[in-house]
Every structure is written in structure tokens, then in C-alpha cells.
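Let's work through the aromatic contacts of a protein chain together. Please take a look at the sequence and the model before you start.

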Amino acid sequence: MYLKQLKIQGFKSFAQKTQLDFQKGISVVVGPNGSGKSNIADALRFVLGEQGMKNVRAKKSQDLIFSGSGTKPKMNMAYVELVFDNKGKVFPVDFSEVSIARKIFRDGENKYFINNSQVRLKDLSEFIAKAKLGLKGYTIVNQGMGDHILNASLKERKEIIDEALGLREFQIKRNDAVLKLAQTETNLEKTESLIRELSPHLKFLTKQVEKLDEKKNLQNELEVLKKKFIEKKEEVLKKSKNFLEEEIKKLKDQLNFLKQELETVQKDIQNEESKVSGFFGDLESLENSLFEVEKQRSVLQRELGKVEGAIDLLKNSNFQAQKHVSIDLFYVKEKLELLKKLLKKAIDAKSFEQMKESLLEFSRSFSELSDDVSSGKVKANDKKAKQDKSTNDKLQDLQGQKEKLQKELKKFQDEFYSIQNKIKKINAEHHKEKENIFSLKNKEKDIQTKILQAKNDLYQKETDLKRINSELSVLNLSNVALDSIAGLCSQKEFSEVSAIFKSIERINIRLETAEMIDESVLDEYNQTKSRMEFLQKEVSDLKEAIEKINVAIKELNLQIEDKFNKSFLKINKNFNKYFNILFGGGSAKLEIVKQKDEEEKNKKDTSFGIDIFVSLPGKKVNSVSALSGGERTLSSLALLFALVFVSPPPFMVLDEIDAPLDEANASRFLKILNELKDNTQFVIVSHNRETMRQADILYGVTMQNDGISKLLSLKFEEAVKTLD
Ligand code: ATP
């Protein structure tokens, strides 16, 4: 790789399009003072992305654009382009030629190009860093800046060395990573702060949503319980309905049975009562018969009495001859009539007392009659006695009558008793029937009571059944009522249904408090939650990124450190070598300084700096600050050449570095250049003849009165002439 071309247009004094073709080796630009030689070095610095105006000897960016002359007006844009041979792929692109360009406009706008494609300054810086080209004062050493590396601070010096070693690329990467780390950490902090802000709200919303969930669960539970309640209620009602229907059927059957029973009992009562009225008929006719029999019997008894009297009278007529006792039959008949009446009265007596009284009267009358007859008070009927036959005949006849009458009386007597027995029997039966009727009527009463009871039951049960049917017809989830089944089912079933009902009521109470939560909270919760999830994901991504960046930084640091440490020894060795060559003896070394410079102390950066120690031959000086101008330039060159040796840049621009060198030193300087030129191309702005002599290509820069720099390709003699 080497610098092939430099194209300039409108940059400082190079108003016209000017092209410098370089070769490997040493190119020397010569020309009179003020012709614009250093403007070429400035152009090189400018195209590599220089931002410090001071470093390109300008105050403001407009100073870089051709400002016009007597013959040519000012220009609005400056353009500088470098073309590299990239066959060795030092630039990591697949092009054999690489072009880097920069444009600057009067309004301060800058444009950067790599192979004609516009890029950012950052891209350009990274790109050239890969080719170890940088602006820290090592690749391009401007006029008067030969001892820049000596004047630089410890840290600046470290930066120059880093750039020389190609560490800039890694450092840029690391700085980017550090920057990115800081940004990521800021983002992380911001995101975590957002999370902290959002957390209490999300917590609140989560609780609300939990309550909402609980409300939904309760509603579901309520629905299930209501269904269960309705099912259980339906089951209980249906069971009760079946039971009642059976009961009603039984009651109806029972009622029918009772009605039939009542009918039967009532028929029985009727039968019994008609039987009783039959008894009265029978009794009446028997009593009539008894009366008749009694009448006949009385007649017979009277007849018998008459006959017996006649017999007695006959028998006593012999025995009591002078005394004729005759019985007044009429009187006796009257008395007997009275007795008959008393007897009838006794029979007809309604009560026992009456009967007893009649019978007593009867007994008194009978005794009276008997006494009257015995005492002879009863006057004989003479007429009748006259009519009697002879005593014996008459006695016989009377005896026969008597027997006949006795027989007949006996017959009537028997009949009388038989009727009397019948009457007794009928009375006994009557009594029994009456008892029957009484018990039947009791039974009737019982049945009627039972019928009434059964009817009441039936009414009650039919009413209940109606209630059950109406309950069943309105059975639905919106009608959860417990009272309606009270008394329609068993206590056990009621308590089962009531237990479910109580649970429903409990849930209803809990739901009343949950009712307050607005459903819209769910949307807000979801939004907040996804925002939170997004932020948490962001935090985890950022943390992951921070970890990755830290790893990358660590790796870059290791790489940088490793590379630096390896190269540092070589640089030191070659610094000493070139110092020795340039001073013809002495020694020089670099030292890593951990301690910071005074101005660095307050900065956060912990990177170290590099100090320089020199020992001049034959002198006791070893402090850099005590060196002369020439000695400073030589020491700087020794270090720069050591860097070029260890890490050769594609090219190096040295603007009048050789000016303060005497001839001996200039030739040592050139000797080293010749050593290094195989690996690094040198563009040297110089007035030094010896330098010109060593040039592989010479360019002359002239400026006429038009104030525009022009380029001439020269031979050494021409160059010398140009200078003169
Ligand atoms: P020396 O040998 O004395 O160092 P030099 O050849 O290096 O001189 P430069 O410093 O490169 O000369 O050039 C300076 C010249 O460039 C001056 O004449 C100056 O007027 C001119 N110049 C600088 N900036 C501009 C500009 N913006 N427009 C036009 N001319 C400019």
C-alpha cells in the first residue's frame, strides 16, 4: 500500500485543480517561501479528517477555501482527495485502490467520502485508523512541530504512540463502547426509574384486578350455587309433589272408604231403628194378647173360684147344717173385677214404682176379699142356692167343672207366662238393639269426624300441591327464594337447601363490596402491565447489553494492553538506536508513567502516560527541557523513526523538519529515512539540498502574482534553481 495521488482544488492557495502523483520512497516538495508547500501538508492533514483549525494553520474553516486573488475570485468549496494503492488490503476493503476525500463549504459544512461514497467523519476516522494513519502528530509532522512529540503531555505522547501502533482503531472502538456503556447505563437508570414510578400504580392495579377476578370467581361461584340451589329446590319440590300426590290419592281413597263406611253405618242404623220400631209392634200385640189371656184367665179363675166355692159349700152343708153360709157372688164378682183392673194397672205400669204400688193395692184388695169370704160377711144368695141339685151330684158335677177349669186355667196361665217371657225377651232385644244403635251412632260420629279430618287434610295438601306447582313453574336463576318452600318439604331437606341459600347470601354480601371496582381497570392494568413488561424486558436487554459491552471493553483493553506492551519494548529499543545514530552516541528511553500530569489529575481517565529520558553523549543533560532546538528535533525524530520502524505507516509527511539540522545531522536523518522508506512513503517539504538529493521524486511549487500555487515536476537541478 502506498499513497498514489493527492488531488487539491480550492484548498487554500491551490485554487486550480492540482494533482500530485507519488511513488514509493521519498517525495520532496520544494519551492520558494510562501509558494504554498506547507499548504500541501495541510491538505493531507485536512483530508484525513483534521478538526482543529490551528493544526491546519487556520482560524476558521472558511480560511481553508481559496479566498480569491486579483485574477481569480474566491471559491465556495475546497476539495482534497487522497488515492491509495490498496493491493495489500491494508484498508480492509475489496478494492485495489482506495480514495479518501473531503469537501468543505463556506457555510462550514463538511462532507467526507470513501471511494466516492459519502460517509460520516467517524467512519472515516475508523477507516484510516485501520491503516495506522492518524492526526496525532505522528503521520503528518507540520512545519515547526518537529519537537511536538517532545512538547506533548505524557498522555498526548501516549496517544501518539497508540496511534503509531494502530491501537487507535481499538481505542476508538473501546471509546465507542465506553460511550455506549454510559448511554446504556443512563438508559438503564431511566428505565429503572420508570419502573420505580410505574410499580406502585401497577401494584394498585394488580390488586384491583385481583379483586375483579375475585368478583368474577364469586359471580361464577354464585351462578354454580344458584344452579345447585334451583336443582336442589326442584328436587325437593318434586319429591314433595310426589309425596303430596300420593298422600292426596291416599286421602281420597280414605275419604271414599270412609264415605262408604258411613253409608254402611247409616244403613245399619236405619236397619236397627226399623228393627226397634218392629219391636214396639210386636210388644204391643203381645201385650194385647197378654191382656186377652189375662182376661180369659181371670174369667176362668172366677169360674173356678165359683166352682170351688160351690164344692166347699156343698161339703160344709152337712157339717154345718144349722148354719147356712151363702156367698154373695155379685159382691165377689165386683171385687174380682177390681182385682183384675189392679193387675192390668200393674202390667201397664210405666215404672217399677207404679207397678209395685198397683201390685200392693192388688194384694190388699185380694186379702180383703179373702177375709170377707172367710168371715161370712159375704151374704148368700138364697135364690141361687135353691137352684142347686142334690149335694153329691152337684159336688161331682162341680168337681168335674173344677178340673176342667183348672186345666183351662193352667193353659191360660202357661200362655200368660209365655207371653210375659216373650215380652221380656223383646225388651231385652230392644235394649240390645238400642245399644247397637248407640254404638253405631258413635261409629257414625267417628267416621264423620274422620271424614272432616281427611277433608281438611286433603284441602291442606291440595293447597300445598298448588303452591309447589306454582313454585315449580317460576323456578329460575333470577328467582332464588328460600321462604317459598318453607313447610313444603322435610326439615332435613329444608336445612340442606337453606345451607346453599346461606352460601348464596354470603357471596352476595361479598359481591356488594366488590361491586365498587370498575371493569375499565382491566384495560388500564393490561396496558400498564405490558408497559411494565416492556420496561422489564428493556432492563434485561440493557443489562445484557451492558454485560456484553463490559466484556467487549475488557477484551479491547486486553488487546490494546497486549499489543502496546509487545510494541513498547521494540519502540524503546529503536528509540535508543535512532537517538544513538542521530546524536552519534548517548541513550534515550521511554517510561510508562502511571502518575498523571498535573492537568490530568482531575480527569477521570485512568490511562497512563509516557515520559522521555535522554542522555546526550558527553553531556550531563538528561532532561528533555534542557535540550537545544536542534537537539529537540533530533530527539523527536529518533522517537518518530522508532515508531515508524516498529509500526510503519503507509506514508509520513515531514514539513521542513530538517530545517534546524546541520549538514552532519541532516545526512544522519536522511540515512535513517532511506532505511525506513521501503515500508513507509515519505513526503517531505524541504529547502535542504541534501534532502532534495535523496528524493525519488521532486515537486516544485510556485506562486506567481496571481496568488495561486502551481505545481511543477522537477529534476534536482531545476529544483535547486527554483529554490535559488
Ligand atoms: P515557507 O517556505 O515560507 O514555509 P510555504 O511554501 O510553505 O512557505 P505556505 O505557508 O504553504 O508557503 O503558503 C502560504 C501562502 O498560501 C501564502 O501566500 C498565503 O497567502 C496563501 N494562502 C493561505 N491561505 C489561503 C487562502 N485561503 N486563499 C488563498 N491563498 C491562501
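**Ring pairs and charges**

Ring pairs join F84, F91, F127 and F651 in a cluster. The model is predicted, so local features need pLDDT of at least 70 and side-chain atom pairs pLDDT 80 or more, while totals for chains, interfaces and linings use all residues. Residues are numbered from 1 along each chain as its sequence is written, and side-chain values use heavy atoms, leaving out hydrogens and water.

**Exercise 1.** Classify the pair F22 and Y699, and place both rings.

- Step 1: The structure has 14 aromatic pairs (Phe, Tyr or six-membered Trp rings with centres within 6.5 Å; planes under 30 degrees apart are stacked, over 60 edge-to-face, the rest tilted).
- Step 2: With centres 6.2 Å apart and planes at 75 degrees, F22 and Y699 are edge-to-face.
- Step 3: F22 sits in the loop between β2 (18–21) and β3 (26–30), and Y699 in strand β13 (697–703), 677 residues apart (strands are DSSP E runs of at least two residues, helices H or I runs of at least four, numbered from the N terminus).
- Step 4: F22 is buried at 5% relative accessibility, and Y699 is buried at 6% (buried is under 20% relative accessible area, exposed over 50%, partly exposed in between; 1.4 Å probe, protein chains only).

**Exercise 2.** Are Y578 and F645 buried or partly exposed?

- Step 1: Y578, at 0% relative accessibility, is buried.
- Step 2: F645, at 41%, is partly exposed.
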